[in-house]
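This report takes up one polar residue, one pocket and one nonpolar core.

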Amino acid sequence: MTFLNFLISGISLGSIYAIIALGYTMVYGIAKMLNFAHGDVIMVGAYVCFFAVARYDLPPALGVLLAMFVCTMLGIVIERLAYKPLRQAPSLAVLITAIGVSYLLQNGAQLLWTSSPKVFPNFFKVADQTGVKLFDGQLNISYVTMVTIAACVIIMLALTWFTGKTKMGKAMRACSEDKGAAQLMGINVNATISMTFAIGSGLAAIAGVLLCSAYPTLVPTTGSMPGIKAFTAAVFGGIGSIPGALLGGLLLGVIEIFAKAYISTQLSDAVVFGVLIIVLLVKPAGLLGKQVREKV
Amino acid sequence: MARKLNRNLTAAQKTSYMCFFTYGVVILIYLMMQGLISSGSITSSLKGMLIPICAYIVMAVSLNLTVGILGELSLGHAGFMSVGAFTGVTAAVALQDVVSSNALRLLIGLVVGAIFAAFAGFLIGIPVLRLKGDYLAIVTLAFGEIIKSIFNNLYVGVDDKGLHMSMLSDKTQLREGGKLIIGGPMGIGGIQKISTFTAGFLLVMVTLVVVFNLVNSRAGRAIMAIRDNRIAAESVGLNVTKYKMTAFVTSAALAGAAGALFAMNYSTIVANKFDFNTSILILVFVVLGGLGNMLGSIVAATALTILPEALRQFADYRMLVYAIVLILVMLFTNNPKLKQVFNQFRTHNMRGKEAE
């Protein structure tokens, strides 16, 4: 039964990683850049939701929507101001700019909201219960966990539909394959890239709210470690692939929780990254990534 | 006439001029700093930063070897710094009663740090160098995090029986008179500050000599050939793994020495000091200074270490300003229009020279 408890919390943590990893993977797929500022967009989303609900007493649903709106706008603005001028620049220059944006968001948040930790409220209560107990209280499933897993499944299905069926989604796939050819076919490449950033950042807001509901301390650096883990998850599953982000995120979450439970709390990060290295040695392009063969 | 000679310089002569120019600049700055220190006209905050600046310069130059010359993005360079810091300080503390000379103990610390970091670089290099591009980057990131969590859980003590080690909790069971050196998450405390500015300067010089000689050797040309086109390099018979490993291990060893120098400038050092952010900080030095440009790395490392201190008057805003400066510099240096203007200027100048 404890095993099942750990498995469920692993899947729940993994779902959060998966939602964050989606943002990384989509942006990487289309703009071929590692968006290091993504983790900090999560933090901004969590703060917006926190203030909307805890300070201004808005209903939680409205708080989440507001956070999504703010993050989407933030994503578009960041892309327009910092990344778009560097479209032709070497990838390292873009990487450093992304790091600059990440510092900017973290330090901006510290100035605006101070570095004292905020305790994130738990929205997910039914009749003052935070979860359900099954099998005489041996199996605890909190509502946060249920909502997280459900959100992850819904987002995944919606994105699969979006990239597969809609015109915008097809444009995205075309751009990620060949930007020049896509432009020749009349696709607005800049708008498509902006759209990708918007979706990724909107998802980051959801991830931020879910993350802080499960682990309720909110500080300006909240997003950075989950950001790195989710980035790892995206690579784990094969960066650029949407199902890969889901698989990588879930596996990473489950491995992390199991390592914490059965090996050592302090060494859990080492175990997670160790597994990543072994996987990449066996499958150098990640679990679901495509091996691109070099042509001479 | 002289100008004509100047124009007919071969590429090799140009690079060797560049090396001597770099050595000259470093020596000049060192002498200037020594002059300022002896005349007492240097602020204490700048004086305190001299050794960290030396360590960061060595870090930046060694990372430039990996990123600029070898052409592989490494996001875990602070991991090697950490290995060097912890092993070097352990050696220096363990030998405290045996070796009385501070300078000799510092030297032993630096060498031990470099050797262990080189060994770590070799172990990490085996899997890392099989991968490419962003996958390689993420694996170096992973190794950096693994090294951090290992040192966060490592306990090392010394007593009259020698060194004792344990993981996760303190099981060293030291005998009477023994001393715990590395205390897990507490890191190393009570370090004697034996690093000196002169030692830092010498380490910078050694690093430059090693890197320039490597880059301008047969091995260095092979490494750059692999960076530019791996398949072409392989097809002319270069042993890709060997040369990649040479660059990677050299870079790791230098980072280890820098770590030892850095650690012995503080009284306590913890593993969390050498995290992902430190790796990124050093990567920023390298990219801002220019890939493959060692003098650029030196200037960037110095300027960006002083900048946050110089921005003290902005107090809370200083890191914000730092971030904005970083973004703006990247935007301006990569602006296609500005580049065009620069290029026009350059061709114009060259034409002018030819007309003379």
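A polar contact is a pair of N or O atoms within 3.5 Å, where within protein one must be able to donate a hydrogen and the other to accept it, and residues adjacent in sequence count only if both atoms are side-chain atoms. In this predicted model, local features need pLDDT of at least 70 and side-chain atom pairs count only at pLDDT 80 or more, while totals for chains, interfaces and linings use all residues. Side-chain values use heavy atoms, with hydrogens and water left out.

The side chains of Gln106(A) and Asp40(A) make such a polar contact at 3.0 Å. Gln106(A) lies in helix α4 (residues 91-113) of chain A, a helix being a DSSP run of H or I with at least four residues. Because its relative accessibility is 16%, Gln106(A) counts as buried (under 20% relative accessible area, with a 1.4 Å probe and protein chains only). Contact means heavy atoms within 4.5 Å; not counting residues up to four places away in sequence, Gln106(A) touches Met43(A) and Pro220(A), among others.

The largest nonpolar core (buried Ala, Val, Leu, Ile, Met, Phe, Trp, Tyr and Cys residues joined through side-chain atoms within 4.5 Å) has 214 residues. To this core α3(B) gives the most, with 16 residues. Leu75(B), among the residues with the most contacts inside the core, touches Phe36(A) and also residues of chain B, including Leu283(B).

The lining of the second largest pocket divides by class as follows.

| Class | Lining residues |
|---|---|
| Nonpolar (Ala, Val, Leu, Ile, Met, Phe, Trp, Tyr, Cys, Pro) | 16 residues |
| Polar (the others, Gly among them) | 11 residues |
| Charged (Asp, Glu, Lys, Arg) | four residues |

Here a pocket is an open set of points on a 1 Å grid over the protein atoms alone where a 1.4 Å probe fits, with protein on both sides within 12 Å along at least five of seven lines, and lining residues have an atom within 4 Å of a point.

Definitions and conventions:
Residues are numbered from 1 along each chain as its sequence is written. Chains are lettered from A and ligands numbered from 1 in the order in which they are written. Helices (H or I, at least four residues) and strands (E, at least two) are DSSP runs, numbered from the N terminus. Buried means under 20% relative accessible area, exposed over 50%, partly exposed in between (1.4 Å probe, protein chains only).
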